[in-house]
Number of protein chains: 2
Amino acid sequence: MVVDHDAPEPPYLQVAAILRGRIQAGQLPPGARVPSITALMGEFGIARNTARRAIEVLKDEDLVTVRQGWGTFVALPG
Amino acid sequence: MVVDHDAPEPPYLQVAAILRGRIQAGQLPPGARVPSITALMGEFGIARNTARRAIEVLKDEDLVTVRQGWGTFVALPG
DNA sequence: AAATATTTGTACGTATGTATG
DNA sequence: GCATACATACGTACAAATATT
């Protein structure tokens, strides 16, 4: 899966939407580790800051919790 | 005024705090134009993205409103 | 205790796109 | 068309936190 640089939706929002979909579909269940920044870079062909912005979107939605030096995880329900 | 790269507080938070202070002090009253990204770069000796992050902080606090192609303005009270 | 690997955090400089006036 | 200002993205570098060896 690669982002579409020509789409009206910017890459960081595309990636955020994809990850959100995986969470809501249960593909990434609560407590699961979200792919690391480096992994997202490789999977979607995006730069580091772009990957971080996508995670930032999900963090602002309280869908994930991020901890430096550890990783990003799907937020627990409730 | 220049940011301190050796301070524990990162530059983008330093700049956000300074601007927040100007707003709360009335130096930047409601409706006033906040210095542009380019102006902040020059005033604080920071990069473009760093300036934008500072503004982002204030935007998340609803202290300013940002409009593409126009500028950034101190939010109206209420 | 110390070194190493992994992961997130911050910042740089640059380029291009989009919106407004 | 042009100038200004914000929006997004690239690639790179180093710092900080965590866990493991």
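1. **Residues around the DNA strand.** DNA strand D has 26 residues around it, and P11(A), Y12(A), T50(A), R48(B) and R52(B) come nearest. A residue is near a strand here if one of its heavy atoms lies within 4 Å of it. This is a predicted model: local features need pLDDT of at least 70, side-chain atom pairs count only at pLDDT 80 or more, and totals for chains, interfaces and linings use all residues. Residues are numbered from 1 along each chain as its sequence is written, chains are lettered from A and ligands numbered from 1 in the order in which they are written, and side-chain values use heavy atoms, with hydrogens and water left out.

2. **Which part of the DNA faces the protein.** Take the atoms of DNA strand D within 4 Å of the protein. Sugar or phosphate accounts for 71% of them, and bases for the rest.

3. **Polar contacts to the strand.** A polar contact is a pair of N or O atoms within 3.5 Å; within protein, one must be able to donate a hydrogen and the other to accept it, and residues adjacent in sequence count only if both atoms are side-chain atoms. In chain A, the side chain of T50(A) has a polar atom 2.3 Å from a phosphate oxygen of DNA strand D. The side chain of H5(A) has an N or O atom 3.2 Å from a phosphate oxygen of this strand. N49(B) goes to a base instead: a polar side-chain atom of N49(B) is 3.2 Å from a base nitrogen of DNA strand D.

4. **Where the DNA surface comes from.** Helices and strands are DSSP runs, numbered from the N terminus: helices are H or I with at least four residues, strands are E with at least two. Chain A supplies at least two residues of the surface near DNA strand D from each of α1 (11-24) and α3 (48-60). Chain B does so from each of α3 (48-60), β2 (64-67) and β3 (71-74). What gives the most? It is α3(A), with 4 residues.

5. **Make-up of that surface.** The surface near DNA strand D has 8 nonpolar, 12 polar and 6 charged residues. In this count, Ala, Val, Leu, Ile, Met, Phe, Trp, Tyr, Cys and Pro are nonpolar, Asp, Glu, Lys and Arg are charged, and the others, Gly among them, are polar.

6. **Salt bridge R20(A) to E61(A).** Side chains of opposite charge can pair when their charged atoms come close. A salt bridge is a side-chain nitrogen of Lys or Arg within 4 Å of a carboxyl oxygen of Asp or Glu. Over all chains, the search finds 6 salt bridges. One joins R20(A) and E61(A), with the closest N and O atoms 3.0 Å apart. R20(A) is in helix α1 and E61(A) in the loop between α3 and β2 of chain A, so the pair ties together parts 41 residues apart in sequence. R20(A) is partly exposed at 22% relative accessibility. E61(A) is partly exposed too, at 37%. The cut-offs are these: buried is under 20% relative accessible area, exposed is over 50%, and partly exposed is in between (1.4 Å probe, protein chains only).

7. **Salt bridge R22(A) to E43(A).** The closest N and O atoms of R22(A) and E43(A) are 2.7 Å apart, in a salt bridge. The pair links helix α1 to helix α2 (residues 37-44) of chain A, and the two residues are 21 apart. R22(A) is buried, at 15%. E43(A) is partly exposed, at 29%.

8. **A buried phenylalanine.** F44(A) lies in helix α2 of chain A. Is F44(A) buried or exposed? F44(A) is buried, with a relative accessible area of 0%. Leaving out residues up to four places away in sequence, F44(A) touches M1(A), V2(A), V3(A), V15(A), I18(A) and R22(A). Contact means heavy atoms within 4.5 Å. F44(A) and V2(A) are 42 residues apart in sequence, yet 4.3 Å apart in space, C-alpha to C-alpha.

9. **Strands of chain A.** Two strands pair if DSSP finds at least two bridges between them. β2(A) and β3(A) pair antiparallel over 4 bridges, and V64(A) has V74(A) as its bridge partner. Their hairpin has 3 residues between the strands, and G69(A) takes a positive phi near 80°. β1 (residues 33-34) joins β3(A) by 2 bridges, also antiparallel. In a regular strand the side chains alternate between the two faces of the sheet. In β3(A), G71(A) and F73(A) on one side and T72(A) and V74(A) on the other are all buried.
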